[in-house]
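Open the model in your viewer and keep the selection tool at hand. The tour below goes stop by stop, saying what to select and what is found there.

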Amino acid sequence: MSTQQIPVKRSWFTPARREAFNGWLFALPWILGMVLFTAGPMLFSLYASFTRYNITTSPQWVGLGNYESIVNDDFFWTSVYNTFWMVLVKLPIVVVVSVGIALLLNIELPGEKFFRSIIYLPNVLSGIATIFLWQWILAPNGLLNRGLALLGVDGPGWFVDPDWTKPGMVVMGMWWIGGNILIYLAALKGIPRSLYDAASIDGAGNWSKTLYITLPLLTPAIFFQVVTGIIGTFQIFTTAYVLSGTDSATGGPGQSMLFYVLNLYNRAFGRVGPAGFQMGYASALAWILFLIILAVTLVQLALANRWVYYENE
Amino acid sequence: MAEQLSTLQPVTIPKQESTPRTILSPGRFWAWLVLVLLAIVWIAPLLWMISTSLKTPQDLFGSNWIPNPIAWDNYVDAFSFGMWERWWVNTLIITAVSLAGVVLSSSLVAYSFARLRWAGRETLFKLVLATMMLPSIVTLIPQFILFARLPAFGLQGSDVWVNTFLPLTVPAFTANAFYIFLLRQFMRGIPNELTEAAKLDGATEFRTWASIILPLSKPALAAISIFAFQGAWQDFMGPLIYLQSENLYTLQIGLRQYEFAFGGSPAWNWLMAASLLVMLPVLIIFLIFQRFFIEGVTLTGIKG
């Protein structure tokens, strides 16, 4: 113990102020990033959406010119159709299958940990390599079609047939539902057994228990997955870009894989439309997408009250 | 008498199931069988990939799972095109730097939200959460514009940030909303007594963060590191937009260029071999740290 007199500091910099200072200081990396790489750029792109801008020369104001061109562009409407198709078809399938498999895994069966690892494995592997793999598996004479032939079914051309490219992407996407399954599984394990026991006493069978206990209590997790799933699906790019190969400027066979972000990328970097980068046009596209996603998310949040059940209400 | 009455607990007798709960009960057996089938379907693509990578061109059109003969040479020949040594080093550098950057900055920012009290903290945190929902495409174009104008003074042979590693590494040092969220949840659970004791001994916030909170946050930091590693290693759009010289490509871009090197149809056996090796580092890390991966995923779903 020191025998010195410790002077009492009565400075403006009180402990509370010091903590506040440190609070802001430690949060600075994110704040800087927010200003420099998010908010700043977003504001600039809002401005740019009203200009013609190819980076090398300064922006030229065109008012609503970009927005007009967008509305008159066939590629834009094709991309909107393709993107909405994917959201409306893929998500329900993913939810139903993921919940189903999670229910299956929730039954205590031998080897559960092993099954969980296998099912989650593909989520670890993403990137070009896996897209090539599925291109190979869904080739007209690929593994899947050979398997279907064994069952007497004539498999379609998948990624070379305009009508089957998007279904092919859905089939391929199913390989990666492991993450969703694990989240539902965690939610299932959180449901108290006492609820099921009480239902048993009242004479409820397994089917009723699933319908009236399990599913309602799963709705928060389902809601979260649907919201994030929609936001993600609206932004499909890499898969479409790689699968359309040399036709990525037009979105593959019959423009069937021209998704919104692919169209945006093509425009931004001058692969379609008038010569040169069209950053102004692309910025307008980006803002339109942002507003669409925002609107869809808000609608979901509003509808949530109808079907999402929160236990502590 | 009174003691005996008080020990009488109400007993709920759950409805007895008609069949004993063993592996052999029909319902459970069929469920287990379905699970086995699912596992086979899930792992089949990977096995087919390995099988294809070891086949000769003639064997490619056969439906055999075991190649005949086994073409080990594919793993050498596949890399005879393209600048693979450079690509692999580039990917490693970009991944390592952005991994370090994002973990460091996210843990600093999370510390602020979790352990420090300051005005505006909750509002700012809500903003952090909001950015998680922001579609990245809205910032992509303007960021490109920014990086196409920001000077790089000749770094990696470029005047501007575009066509260098800078756009792919520097932003990582401004933290990631998702990791901030995860770490904050975790850090809040650390008992206050530990940090209060340190403060009494005169430790600065930085010291507290470094010596107490960080070591105790290892599980969350591990989960984040794995996500960040995977994200950086497999990033395609970033390198696609920012890396234009072939010697700067990452493995993902290189692999795609590789597909076109063969004109029309790629040599699928070589492509599968190259693809497997590109996937390998992430696969290995997953197999070693499985537990953290799955914990990290479930952490996000429940809190969400």
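## First stop: a buried tryptophan

Select A:Trp158, which counts as buried at 6% relative accessibility. The cut-off for that label is a relative accessible area under 20%. A:Trp158 sits in the loop of chain A that runs between α6 (143-150) and α7 (165-173). Look at its backbone too: phi of A:Trp158 is near 50°, a positive value in a residue that is not glycine. Bear in mind through the whole tour that this is a predicted model.

## Chain A as a whole

Now select chain A and show it as a cartoon. Its secondary structure consists of 13 helices and two strands. The radius of gyration of chain A is 26 Å, while the globule rule gives 20 Å for 313 residues; the value is well over the rule, so chain A is more spread out than a compact globule. Measured out along the principal axes, a box of roughly 95 × 75 × 40 Å holds the C-alpha atoms of chain A.Of the 313 residues in chain A, 51% are buried. For contacts in chain A with a separation of 6 or more, 65% are between residues 24 or more positions apart.

Switch on the surface of chain A. About 15100 Å² is exposed, and carbon and sulfur atoms supply 65% of it. Then colour by charge: chain A has 16 positive and 14 negative charges, and the mean positions of the two sets are 15 Å apart.

## Two further stops in chain A

Select A:Asn72 next. This residue is in the loop between α2 (65-71) and α3 (74-106) of chain A. Is A:Asn72 buried or exposed? With a relative accessible area of 63%, A:Asn72 is exposed. Add A:Leu217 to the selection and draw a distance line: the two residues are 145 residues apart along the chain, and their C-alpha atoms are separated by 46 Å.

Move on to A:Gln225, in helix α10 (residues 206-233) of chain A. A:Gln225 counts as buried, at 10% relative accessibility. Which residues are in contact with A:Gln225, leaving aside its neighbours within four places in sequence? They are A:Gly179, A:Asn180, A:Ile183 and A:Tyr184.

## Chain B as a whole

Hide chain A for a moment and select chain B. Here the secondary structure comes to 15 helices and zero strands. Chain B has 304 residues, of which 50% count as buried. Among its contacts between residues at least 6 apart in sequence, 66% join residues at least 24 apart. The exposed area of chain B is about 15200 Å², with 67% of it supplied by carbon and sulfur atoms.

## A positive phi in chain B

Select B:Ala175, in the loop between α7 (166-169) and α8 (177-188) of chain B. Its phi is near 65°, again a positive value in a residue other than glycine. At 14% relative accessibility, B:Ala175 counts as buried.

## Where chain B touches chain A

Bring chain A back into view and select B:Thr131, found in helix α5 (residues 121-132) of chain B. B:Thr131 counts as buried, with 19% relative accessibility; the label requires a value under 20%. Not counting residues up to four places away in sequence, B:Thr131 touches A:Trp30 and A:Met34 in chain A, and B:Ala177 in its own chain. B:Ala177 is 46 residues from B:Thr131 in sequence, yet their C-alpha atoms are 6.9 Å apart in space.

Select B:Gln252 next, in helix α13 (residues 251-260) of chain B. B:Gln252 is buried, and its relative accessible area is 2%. What does B:Gln252 touch, not counting residues up to four places away in sequence? In chain A the partners are A:Gly127, A:Ile128 and A:Ala129. In chain B they are B:Trp233, B:Gln234, B:Asp235, B:Phe236 and B:Val278.

Then pick B:Leu255. With residues up to four places away in sequence left out, B:Leu255 touches A:Ile128, A:Ala129 and A:Phe132 in chain A. Its partners in chain B are B:Trp84, B:Leu271, B:Ala274, B:Ser275 and B:Val278.

## Last stop: the nonpolar core

Finish with the largest nonpolar core, which has 183 residues. Which residues have the most contacts inside it? Select A:Trp30, A:Met279, B:Phe144, B:Ile180 and B:Leu255 to see them together. Two of these names have come up before: A:Trp30 is touched by B:Thr131, and B:Leu255 touches A:Phe132 among others.

Technical notes:
Residues numbered from 1 in each chain as written. Chains lettered and ligands numbered in written order. Predicted model: local features only at pLDDT ≥ 70, side-chain atom pairs only at ≥ 80, totals over all residues. Heavy atoms only, no water. Helix = DSSP H or I, 4+ residues; strand = E, 2+ residues; numbered from the N terminus. Rg over C-alpha atoms; globule rule 2.2 N^0.38 Å. Buried < 20%, exposed > 50% of the residue type's maximum accessible area, 1.4 Å probe, protein only. Contact = heavy atoms within 4.5 Å. Areas by Shrake-Rupley, 256 points an atom, 1.4 Å probe, with all protein chains shown as cover. Lys, Arg positive; Asp, Glu negative; His and termini not counted. Charge placed at Lys NZ, Arg CZ, Asp CG, Glu CD. Core = buried A, V, L, I, M, F, W, Y, C linked by side-chain atoms within 4.5 Å.
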